[in-house]
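Please write a brisk report on this chain for someone who has not met it before.

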Amino acid sequence: MQILKKVRTFTPKCIKKSYLRPFIFNIISVVLLLSSCGNNNLYKVEGELSNLSDSVLYIAYESPRESVFDTIQADSKGQFKNIHEEIEDLQSATIFFDGKEKWFTFYPEAGKTVQIKGDAQSPKLIRVKGGRINDKLNEYKNKVASLLEKELSANDNLELRRITQDFIAKNPKEKASAILISEYFSDPENIAPTEELLNILSPELADFYIVKDLKNQIDKAKMSMVGAKAPAFNVKNIYGETFTPDSFLNKHYILAFTALWCDLCQTEILMLDQISSEYSKDSLEIMMISLDDSSEDVFELLKGDSIQWNLVIDSASQSIELFDTYNVNSLPNCLLMDKEGVIKLRTTNGAELKQAVDEIFK
């Protein structure tokens, strides 16, 4: 409008309106075009969060190549804005607040404004609009708002689980459906629900990064399931001896995943002491994999033990790699292998492990 006023003010009276209109139209079009181009290369976020305990918020933009962080200042009403330039292959963004103790994730699209509104004390109920994924997830939240207020996961709430599955089935082409599978049904130690729901999704989503991640998780889990050949490894124990699966040829062996700080990982509770005492190393060996990386602490703990444990600690990230290779996501966790290196049992229960070993050698 300012351009239009200036043109009208300084246009000589001898210029006819018919000549003036195309001139004005072209100027306005150029301005709008430049403005539009700028907006299309930006991520715009605006919102209002009530009951913030801290006015400082942090936003993390995530892509496969990098994480970019911005600091946001909310006003006294909890209102805030953030504008960021386009990031190549952006996947998601997460806002952290209340001392970074709470957060929620959303999915920006360049050129579209994301609008956020909700109570900071109820992150699951915060509504996000703007962009296809956010709008579909908002549609889902409208269906389950009363259930989300109860702070229950899908595994604890059968009704929430049913509604979520129904939403996924009705929206097989939506990326939001893949996100819901990842959020509510993904369990590395129980892949059946994830695999079943992924089969519902349209092939069009095969290249969506969350679908790829879920499929990789399933593939990894299958490599270390009961009945699979134990994955390869090469580690050194606390005494400097090197071990691979071939080190246990022609004998059964147990991989026990533990940590010093894990009360349930004690060898007595896992019945590893009893198993080690009853069965010779010639027929059954036990290798413990601990997340601890301090050899001094480990030796101090073991010096009074009558059993010399074959123990691997997390020096050079050995344990972390084995945890990942064997898809171990909780402690304790024990795997029992037969003479051919085939996984016969995965368990967190010492009594179940002892029973399986007794069955083999009875």
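Proline 332 is found in the loop between helix H10 (318–325) and strand S14 (333–337). Helices (H or I, at least four residues) and strands (E, at least two) are DSSP runs, numbered from the N terminus. A cis peptide bond links leucine 331 to proline 332, with omega about -10 degrees.

This is a predicted model, in which local features need pLDDT of at least 70 and side-chain atom pairs count only at pLDDT 80 or more, while totals for chains, interfaces and linings use all residues. Residues are numbered from 1 along each chain as its sequence is written, and side-chain values use heavy atoms, with hydrogens and water left out.

**The whole chain**

The secondary structure comes to eleven helices and 15 strands. Of the 362 residues in the chain, 42% are buried. Buried means under 20% relative accessible area, exposed means over 50%, and partly exposed lies in between (1.4 Å probe, protein chains only). Take the contacts between residues at least 6 apart in sequence: 59% of them join residues at least 24 apart. Contact means heavy atoms within 4.5 Å.

**Positive phi**

Two residues are listed here with their backbone angle and their loop.

| Residue | Phi | Loop |
|---|---|---|
| Methionine 271 | about 60 degrees | between strand S11 (252–258) and helix H8 (272–278) |
| Serine 317 | near 60 degrees | between strand S13 (310–312) and H10 |

Methionine 271 is not a glycine, yet its phi is positive. Serine 317 is likewise a residue other than glycine with a positive phi. Serine 317 counts as partly exposed, at 37% relative accessibility.

**The S3-S2-S5-S6 sheet**

Strands of a sheet pair through backbone hydrogen bonds, either parallel or antiparallel. Here, two strands pair if DSSP finds at least two bridges between them. One open sheet has four strands in the order S3-S2-S5-S6, and its pairing is antiparallel. Strand S3 (67–73) and S6 stand at the edges with a single partner strand each, so one side of each has no neighbour in the sheet. On average, neighbouring strands of this sheet are turned by 20 degrees against each other, direction ignored. Axes are lines fitted to C-alpha atoms, for helices over the stretch in contact, and angles run from 0 to 180 degrees between N-to-C directions. Strand S5 (residues 92–97) pairs with S6 in the antiparallel sense over five bridges. Alanine 93 stands opposite phenylalanine 106 in S6.

**The S4-S1-S7-S8 sheet**

Another open sheet of four strands runs in the order S4-S1-S7-S8, with mixed pairing. Strand S4 (79–85) and S8 stand at its edges, each with a single partner strand, so one side of each is left without a neighbour in the sheet. Its neighbouring strands are turned by 15 degrees against each other on average, direction ignored.

Strand S1 (residues 42–50) and S4 pair in the antiparallel sense over seven bridges. Lysine 81 in S4 is the bridge partner of glutamate 46. In a regular strand the side chains alternate between the two faces of the sheet. Which residues of S4 point to one face and are buried? They are Phe80, Asn82 and His84. Gln79, Lys81, Ile83 and Glu85 point to the other face and are not buried.

S7 and S8 pair in the antiparallel sense over three bridges. Lysine 117 stands opposite arginine 127 in S8. Proline 123 lies in the loop between S7 and S8. Beyond its neighbours within four places in sequence, proline 123 is in contact with Phe97, Lys102, Trp103, Phe104 and Lys141. Proline 123 and threonine 105 are 18 residues apart in sequence and 9.6 Å apart in space, C-alpha to C-alpha.

**Helix H3**

H3 lies across S7 and S8 and runs at about 150 degrees to S8. Helix H3 (residues 132–148) has a kink of about 50 degrees, centred on asparagine 142. The bend at a residue is the angle between axes fitted to the seven residues ending there and the seven starting there. Buried residues of H3 include Ile133, Leu137, Tyr140 and Val144. The buried residues of H3 pack against strand S6 (102–106), strand S7 (113–119), strand S8 (127–129), helix H4 (158–170) and helix H5 (175–184).

**H5 and H7**

The axes of H5 and helix H7 (residues 209–223) come within 9 Å and cross at roughly 40 degrees. Ala178, Ile179, Ile181 and Ser182 of H5 make the contact with Ile210, Val211 and Leu214 of H7. H5 and H7 are therefore oblique to each other. Angles under 35 degrees count as roughly parallel, over 145 as roughly antiparallel, 65 to 115 as roughly perpendicular and the rest as oblique.
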